[in-house]
Amino acid sequence: MQSYIENSGLRRHILIVDDEMINREILGNLLQENYEVHFAENGKQALDILIKREHIYSLILLDLLMPVMDGFELLDILKNDDKLRTIPVIVMTSEKDAEVTSIKLGAADFITKPYDMPEVILARCERIIELQEDKSLIRAAEKDHLTGLYTKDFFTEYIKQIEKYNPKKSRDLLVINIEHFHLINELYGRKQGDKVLICIADILQKLFDDTHGIGCRTEADYFYVYSENGTDYDKTLMSLLDGLDDSVPDAHVRLRMGVYPDVDKSLMAENWIDRAKTACDRIRGDYSRHIAYYNNEFYEKSKYQEKLINDIDRAIANNDLIVYYQPKYSIQCDTPTLRSAEALIRWNHPELGMISPGDFIPLFESNGLIQKLDRYVWKEAASQIGKWKKEYGMSIPVSVNVSRMDIYYPKLRDEFKGLLESNGLETNELMLEITESAYADNADQLTNVIENLRSDGFMIEMDDFGSGYSSLNMLTTIPIDALKMDMKFIRNMQKDDKSMKLVELVLDIAKFLHVPVIAEGVETEEQLMLLKERGCDIIQGYYFSKPVPPEEFTQFIIQAKG
């Protein structure tokens with residue numbers, strides 16, 4: 001800032017307040033080369049000038065003993081005025097006894113009369129102005145302008161100061177987030193959204209004053225608190241919700257909270273925030289919980305998941321990911337016949353061994369990496385179909401998963417067409433499974449994508465039919481070529497008549513639509529016969545085979561060829 005002012009020719013304004021003309025002239029001549037200098041003969045005249053605010057003053061040089069209004073009275077007025085108290089004051093005095101009173105009234109420095117050291121006066125004026133400007137910049141950046149809480153940079157810096165002076169005290173890091181805050185702004189207006197933020201900040205400041213904790217607002221709708229260990233956070237959350245209900249009852253605000261208790265002092269404050277935020281974000285959308293605590297189990301799980309995320313590219317490059325195949329059999333004949341297969345991913349990690357798909361597939365679905373995984377499976381499956389076709393002269397269609405993230409990929413059709421061309425396949429040899437959860441996100445886009453894929457000749461299977469609320473809605477809008485019955489139906493169908501009726505209902509729906517039903521998770525001959533009797537077309541499950549690597553799957557092809 002200093003270099004900018006000097007290079008741009010800007011000049012700061014200084015107000016000299018002294019009833020003696022000779023003193024005003026001495027100081028004026030001394031300062032006018034570097035500053036715009038203004039004069040007042042007493043405290044009253046100076047106050048009138050300051051109130052008019054014709055200039056923004058960077059410094060006041062103030063004599064103490066003056067008529068009308070002396071320097072002490074003016075200092076007292078400046079100290080109690082929110083706008084004027086920020087102007088630094090250098091008191092000009094020859095009396096040592098006046099210094100203590102002046103300091104208590106807010107004086108920043110002193111210049112001793114007579115003025116026999118001009119270089120010192122100039123240096124002290126410049127230093128006081130720089131210190132005040134730095135202080136003003138810090139004050140402006142220190143607090144969030146809306147809520148009055150600290151900004152993140154100052155929050156972490158003050159945490160360091162707290163730990164410097166009291167390192168042995170056990171403390172917690174708390175992160176609070178407003179669920180779907182953008183909807184509050186959209187539905188009720190930004191003014192109402194600001195009211196929510198201010199209300200939360202006010203309650204936090206009351207609950208955690210400077211003796212119990214400090215608060216911060218960041219990222220629009222996140223709040224951080226560094227507090228004494230042992231605070232009842234259930235009560236904290238209830239206080240916040242009750243206060244919001246009173247202040248903004250129409251907004252129906254839902255909060256979630258992540259707590260990193262008894263923070264590890266060997267880590268940096270930023271790490272504490274990350275851990276509390278991880279706990280907070282882990283319960284996003286989980287309406288059964290409002291508070292999550294970061295503990296050792298949580299840490300180990302997060303570390304494990306972070307390793308999986310970091311290792312996915314290496315796994316693809318080193319072929320640690322293996323595509324297994326589970327056969328599907330047509331059963332509406334005397335002897336079950338191999339119909340097709342489903343491609344299922346497995347991960348043989350060089351350090352962790354075989355990793356369950358339940359560990360990494362939901363993880364990658366949540367962070368978007370599922371697209372990388374899907375493309376790898378598509379490529380491997382298309383290549384394997386082509387190899388079997390050449391080696392056995394037999395086409396074994398394979399179904400692959402198309403996740404909700406893939407639906408948004410603008411070149412999805414081109415990707416599949418390229419795989420067919422490079423492996424010499426027809427569209428009916430690479431079948432596409434789409435789960436109904438994709439429908440809930442963007443039904444119109446999903447419908448458009450599926451219609452385009454079917455117009456290209458691809459077969460579309462609705463996976464996990466009946467597992468969610470949107471199944472019937474999907475059937476009214478999206479054309480499909482097969483229904484895959486959710487395996488929970490198969491597990492429960494022998495328990496009671498109600499469960500069996502649900503299986504029969506799915507089969508009746510398929511008959512009405514003139515599409516086959518694929519039953520997943522069939523493990524016993526009794527299940528197979530019950531499904532066959534009721535008209536199920538295709539069976540997939542451990543009764544025939546678990547998912548196997550491609551070299552083991554060849555036995556099913558050889559058996560099918562006879």
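Q: Helices are DSSP runs of H or I with at least four residues, numbered from the N terminus; in which helix does Leu308 lie?
A: In this predicted model, Leu308 lies in helix 12, which covers residues 296-317.

Q: Why is Leu308 called buried?
A: Buried means under 20% relative accessible area, and Leu308 has a relative accessible area of 0%, so Leu308 is classed as buried. Leaving aside neighbours within four places in sequence, Leu308 is in contact with Trp347, Leu352, Ile355, Asp359, Phe360, Leu363 and Phe364.

Q: Which residues touch the most other members of the largest nonpolar core?
A: They are Phe364, Phe416, Leu483 and Phe553, in a core of 77 residues. Helix 14 (residues 370-392) supplies the largest share of this core, 10 residues. Apart from it lies another core, of 28 residues, with Ile178, Val196, Val259 and Ile291 among them. Returning to Phe553, its contacts beyond four places in sequence are Tyr325, Gln326, Pro327, Leu338, Ala341, Trp388, Ile396 and Val548.

Q: What makes Asp311 and Arg314 a salt bridge?
A: The closest N and O atoms of Asp311 and Arg314 are 2.7 Å apart, and a salt bridge requires a side-chain nitrogen of Lys or Arg within 4 Å of a carboxyl oxygen of Asp or Glu, so the pair qualifies. Both residues lie in helix 12, 3 residues apart, which is about one turn of the helix.

Q: Why do Asp311 and Arg314 fall into separate classes, buried or partly exposed?
A: Asp311 has a relative accessible area of 6% and is therefore buried, whereas Arg314, at 47%, counts as partly exposed, because that class lies between 20% and 50%.

Q: How do you know that the salt bridge of Asp144 with Arg217 ties together parts that are apart in sequence?
A: The closest N and O atoms of Asp144 and Arg217 are 3.1 Å apart. Asp144 lies in the loop between helix 6 (118-142) and helix 7 (152-165), while Arg217 belongs to strand 7 (residues 213-218), so the pair joins parts that are 73 residues apart in sequence. Both Asp144 and Arg217 are buried.

Q: What links Asp281 in helix 11 to Arg256 in strand 9?
A: Asp281 and Arg256 form a salt bridge, their closest N and O atoms being 3.1 Å apart, and the two residues are 25 residues apart along the chain. Asp281 is partly exposed, at 24% relative accessible area, whereas Arg256 is buried, at 0%. Salt bridges that share partners join Glu179, Arg254, Arg256, Lys277, Asp281 and Arg284 into one network.

Q: How do you know that Cys536 forms no bond with Cys333?
A: A disulfide needs two cysteine sulfur atoms within 2.5 Å, but the closest cysteine sulfur to that of Cys536, in Cys333, is 12 Å away, which is too far for a bond. The structure as a whole holds 0 disulfides. Cys199 is likewise in no disulfide, with its nearest cysteine sulfur, that of Cys280, 18 Å away.

Q: Why is Leu183 called partly exposed?
A: Leu183 has 34% relative accessibility, a value between the limits of 20% and 50%, and therefore counts as partly exposed. Leu183 sits in helix 8 (residues 181-188) and, with Leu187 and Tyr188, makes a nonpolar surface patch of about 290 Å².

Methods: Residues are numbered from 1 along each chain as its sequence is written. This is a predicted model: local features need pLDDT of at least 70, side-chain atom pairs count only at pLDDT 80 or more; totals for chains, interfaces and linings use all residues. Side-chain values use heavy atoms; hydrogens and water are left out. Patches are made of residues with over 30% relative accessible area and no salt bridge: like charges are joined within 9 Å, nonpolar side chains (Val, Leu, Ile, Met, Phe, Trp, Tyr) within 5 Å. Accessible areas come from the Shrake-Rupley method with a 1.4 Å probe; for residues, only the protein chains shown count as cover. Buried means under 20% relative accessible area, exposed over 50%, partly exposed in between (1.4 Å probe, protein chains only). A nonpolar core is a set of buried Ala, Val, Leu, Ile, Met, Phe, Trp, Tyr and Cys residues joined through side-chain atoms within 4.5 Å. Contact means heavy atoms within 4.5 Å.
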